Amino acid sequence: ALGGSHTKMSASVDKSAIFMDDTPKQVKKKINKEAFSGGQPTEQEHRELGGNPDVDVAYQYLTYFLEDDAELEKVAKDYRSGELLTGHLKARCVFVLNDLLGQFQTRRKDITDELVLQYMNPDRKFRFKGSDTLKPFIG
């Protein structure tokens, strides 16, 4: 939930989460306005005391969607030290989420009802790695 671990996500409350059909503008607004921050009340205090990425929602999103572990570690270190400000952390989160959602939304446009029916066909045959023949999937 965007409000932090003490709140719930709800499909009926648009501001409670990032949804797969959100626009880049909606993602930016939700992260910047609604996402709970682990930062300090003022920039000066944040630079002196640092932030807490363990409760920061933007950082938590990055732990799932930022593929570079070294960058994620640097983000946490810099945020804790006060070198990285909350606004910059949120901007990085917005960039990563919008990239992911953009890719998803582009691929989703290519899905037709016919393609869904093809995948849902219980008689569909599968080609398993190392085999040249099609076989039914037995799960």
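**Salt bridges**

I began with the charged pairs of this predicted model, and I found that the structure holds six salt bridges. In one of them the side chains of Lys 30 and Asp 22 meet with 2.7 Å from N to O, and when I looked up how accessible the two partners are, both Lys 30 and Asp 22 turned out to be buried.

I then turned to Glu 43 and Arg 47, whose side chains meet in a salt bridge at 3.1 Å, N to O. The two residues are four apart in helix α2, which means that about one helical turn separates them. I noted Glu 43 as partly exposed because its relative accessibility is 48%, and Arg 47 also counts as partly exposed, at 41% relative accessibility.

The next pair I looked up was Arg 92 and Glu 71, which form a salt bridge with their closest N and O atoms 2.6 Å apart. Arg 92 lies in helix α5 and Glu 71 in helix α4 (residues 69-81), so this pair ties together parts that are 21 residues apart in sequence. Arg 92 has a relative accessibility of 26% and therefore counts as partly exposed, and Glu 71, with a relative accessible area of 25%, is partly exposed as well.

I also recorded a network of salt bridges that links Lys 74, Lys 77 and Asp 78.

**Asp 56 and Lys 90**

Which charged residues are buried yet have no salt bridge? I entered Asp 56, which is buried without such a partner, the nearest side chain of opposite charge being that of Lys 90 at 6.5 Å. I entered Lys 90 too, since this residue is likewise buried and has no salt bridge, with Asp 56 as its nearest side chain of opposite charge. With a limit of 4 Å between side-chain nitrogen and carboxyl oxygen, the 6.5 Å between Asp 56 and Lys 90 does not make a salt bridge.

I placed Asp 56 in the loop between α2 (43-49) and α3 (57-65), whereas the place of Lys 90 is in helix α5.

I next asked which backbone atoms lie by these two side chains. For Asp 56, a polar atom of the side chain lies 2.8 Å from the backbone nitrogen of Gly 38. For Lys 90, a polar atom of the side chain lies 3.1 Å from the backbone oxygen of Ala 35.

Leaving aside neighbours within four places in sequence, I listed the contacts of Asp 56 as Phe 36, Ser 37, Gly 38, Gly 39, Tyr 79 and Leu 89. On the same terms, Lys 90 is in contact with Ile 31, Asn 32, Ala 35, Ser 37 and Ala 58. Ser 37 thus appears in both lists.

Beside Lys 90 in the sequence I looked at Ala 91, which lies in helix α5 and counts as partly exposed because its relative accessibility is 45%. The C-alpha atoms of Ala 91 and Asn 32 are separated by 8.0 Å, although the two residues are 59 apart along the chain.

**The second largest pocket**

What volume does the second largest pocket have? I noted about 170 Å³. Its lining consists of Tyr 64, Phe 65, Leu 66, Glu 67, Phe 95, Val 96, Asp 99, Leu 100 and Gln 103. The elements that give two or more residues to this lining are α3 and α5 (86-109), and the largest share, five residues, comes from α5.

From the lining I picked out Leu 66, found in the loop between α3 and α4. I marked Leu 66 as buried because its relative accessible area is 8%. Not counting residues up to four places away in sequence, Leu 66 touches Glu 71, Leu 72, Arg 92 and Val 96, and I noticed that this list includes Arg 92 and Glu 71, the two partners of the salt bridge entered above. I also looked up Leu 66 against Leu 100, which are 34 residues apart in sequence and 9.7 Å apart in space, C-alpha to C-alpha.

**The chain as a whole**

I closed with the overall layout, in which the chain has six helices and two strands, following the pattern α-α-α-α-α-α-β-β when read along the sequence. Of the 139 residues in the chain, buried residues make up 29%. Among contacts between residues at least 6 apart in sequence, I noted that 52% join residues at least 24 apart.

Definitions and conventions: Residues numbered from 1 in each chain as written. Predicted model: local features only at pLDDT ≥ 70, side-chain atom pairs only at ≥ 80, totals over all residues. Heavy atoms only, no water. Buried < 20%, exposed > 50% of the residue type's maximum accessible area, 1.4 Å probe, protein only. Lys, Arg positive; Asp, Glu negative; His and termini not counted. Polar contact = N/O pair within 3.5 Å; in protein donor to acceptor, adjacent residues only side chain to side chain. Contact = heavy atoms within 4.5 Å. 1 Å grid on protein atoms, 1.4 Å probe; cavity = no way out; pocket = protein on both sides within 12 Å on 5 of 7 lines; lining within 4 Å. Points joined across faces, edges and corners; volume = space filled by probe spheres on them.
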